[in-house]
Amino acid sequence: MKKIGIVLFTSDLRLHDNTTLNLAIKENDLVIPLFCWDEDFMNQLQFGFQRVGSIRRAFLNKVLYDLHIGLKANGGYLLVRKGNSAEILTEITNVISIHKVYTKKQVGIEEKRQNEYLKSILRKKGIDFEEYSTSTMYHPSDLPFSMSSIPEVFTKFRKIVEKEAFVRELVPTPSKIDCPTIPKEWMDYSFSESTNLIEKGFSLPELGGEQRSLNHLNWYLFEKQHILHYKETRNELSGLEFSSKLSLWLSLGCISPKYIYHEVKRFENEYKANDSTYWLIFELLWRDFFRFSFKKHPIDYYQLHGIIGKSDRKANRNAEIIQKWIEGKTDNAFVNAAMRELKVTGWMSNRMRQIVASYFIYDLGQDWRIGAAYFESQLIDYDVSSNWGNWAYIAGVGNDPRAGRQFNLEKQEEQYDKDKVYQKLWNNQKLEV
Ligand SMILES: Cc1cc2nc3c(=O)[nH]c(=O)nc-3n(C[C@H](O)[C@H](O)[C@H](O)COP(=O)(O)OP(=O)(O)OC[C@H]3O[C@@H](n4cnc5c(N)ncnc54)[C@H](O)[C@@H]3O)c2cc1C
């Protein structure tokens with residue numbers, strides 16, 4: 001009898017450097033690449049916001065289509081089923097004899113619990129369920145400390161990691177995938193190549209899945225060499241080149257952070273190394289840091305007082321104030337521009353994310369978790385630890401040794417939008433949302 005494994009894809013939607021896919025192909029005769037499109041989870045409300053808003057769904061749809069095409073080119077397919085993973089895996093394993101399910105380790109608490117549940121139901125049926133780390137630059141088991149003793153402050157973490165750890169080589173990209181024949185009625189999800197995505201942002205590159213992300217990185221590094229000015233431009237507000245835009249693809253795992261690391265190193269060897277080439281890796285280390293910190297504090301990051309347990313933050317919730325912030329109708333035109341950009345495109349620069357978060361927490365006096373939940377629903381590059389970790393940081397309940405970041409908005413505007421170019425761009429737009 002042929003050995004069959006399932007790869008349960010979640011936010012690792014790529015073929016390259018993907019341990020789950022690689023091992024499944026190695027250890028089985030046939031593999032079912034599966035993604036569960038779970039409407040109930042996406043529709044769940046968090047502080048009144050849908051977990052996954054329409055822009056994120058459209059992007060996910062596009063990325064899944066590209067993954068399907070990538071798998072097809074290697075002789076396989078992507079099975080996208082509507083429903084939650086427990087129901088779908090039960091249905092599949094009732095019909096096909098499965099040896100093992102391979103999936104990625106999760107960082108969000110609910111996703112972690114879901115994996116524990118899947119493991120328990122599959123184990124009862126004698127099916128192995130194994131999770132693998134696929135989304136950080138440094139592998140967690142290569143860190144010079146245990147998860148429980150990860151430093152709370154980034155600088156300390158960074159210095160030790162840079163000195164004592166290394167980034168692994170890439171896992172090979174499969175060149176052939178043999179998938180079993182499955183019942184036709186399981187193919188109940190219709191991929192759509194085109195999406196309703198609004199690509200009228202002034203900062204968003206052309207969207208797509210794995211191949212698009214690899215092309216984009218190549219463009220950013222080798223074709224245009226924008227990496228060489230990254231450190232100087234990364235705080236700008238608008239445009240294609242000022243920052244890498246890799247968060248789009250990192251959020252769904254279309255690109256591996258290890259791949260980015262090795263490509264930057266290749267660029268440094270072939271062309272030039274400067275502060276900017278280093279700084280991109282530095283920022284990716286921030287991403288790793290938040291992910292590892294979430295493993296240390298899996299629940300506290302979602303609490304009002306965060307990982308410090310005690311603070312001045314209040315659980316204020318004024319629906320009218322919050323709605324005005326969301327709609328870009330506050331008393332501050334600078335904040336409004338960014339909130340309108342977010343609403344239309346799902347995107348906002350790092351600098352504006354910091355500014356609108358600070359405004360929400362300190363000027364409007366609202367519960368920071370409500371802002372984080374809106375971002376979760378709306379941000380096209382939403383990433384659980386980068387989002388909640390940064391919000392907690394600005395609220396002074398996260399990993400900030402300075403206990404909070406209140407931004408002086410006038411100073412910020414003077415520095416980053418002196419001629420109000422950004423404000424005019426978004427505040428004069430007729431919103432079609
Ligand atoms: C309130 C708030 C919410 C945020 N929510 C998210 C989120 O949901 N998803 C997300 O990916 N980032 C989030 N960030 C971090 C940062 O704003 C984005 O990663 C960055 O703007 C993405 O653009 P880029 O890829 O061009 O970044 P670049 O400047 O080109 O950086 C390269 C990569 O480094 C990582 N990185 C850069 N800055 C940070 C940071 N501060 N924290 C963690 N990783 C970082 C990202 O993976 C990014 O793609 C948030 C920041 C704030 C202040």
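This is a short dialogue on reading pockets, a cavity and a helix pair in a predicted model.

Biologist: Before we start, what are the ground rules for this model?

Modeller: It's predicted, so local features need pLDDT of at least 70 and side-chain atom pairs count only at pLDDT 80 or more, while totals for chains, interfaces and linings use all residues. Residues are numbered from 1 along each chain as its sequence is written, and side-chain values use heavy atoms, with hydrogens and water left out.

Biologist: Okay, what volume does the largest pocket have?

Modeller: General idea: rolling a probe the size of a water molecule over the atoms shows where empty space is left. On a 1 Å grid over the protein atoms alone, a pocket is an open set of points with protein on both sides within 12 Å along at least five of seven lines, a cavity is a set where a 1.4 Å probe fits but cannot get out, and lining residues have an atom within 4 Å of a point. Grid points are joined across faces, edges and corners, and a volume is the space filled by probe spheres set on the points. Here the largest pocket comes to about 1,300 Å³. Of its 49 lining residues, R234, E283, W286, N350 and N390 are closest to the centre.

Biologist: Which helix gives the largest share of that lining?

Modeller: That's α11, with eight residues. Helices here are DSSP runs (H or I, at least four residues), as are strands (E, at least two), numbered from the N terminus.

Biologist: And the second largest pocket, which residues lie nearest its centre?

Modeller: T10, F41, R56, Q106 and E111, out of 50 that line it. This pocket has a volume of about 1,100 Å³, and α5 gives the most to its lining, six residues.

Biologist: How many cavities of 30 Å³ or more are there?

Modeller: One. The largest cavity has a volume of about 100 Å³. Its lining has 13 residues, with K105, S135, T136, R291 and K295 closest to the centre. α11 gives the most to this lining, three residues.

Biologist: Now helices: at what angle do α4 and α5 cross?

Modeller: Two packed helices are described by the angle between their axes and the distance between the axes. Axes are lines fitted to C-alpha atoms, for helices over the stretch in contact, and angles run from 0 to 180 degrees between N-to-C directions. The axes of α4 (residues 85-95) and α5 cross at roughly 25 degrees and come within 10 Å. That makes α4 roughly parallel to α5, since angles under 35 degrees count as roughly parallel.

Methods. Parallel < 35°, antiparallel > 145°, perpendicular 65-115°, else oblique.
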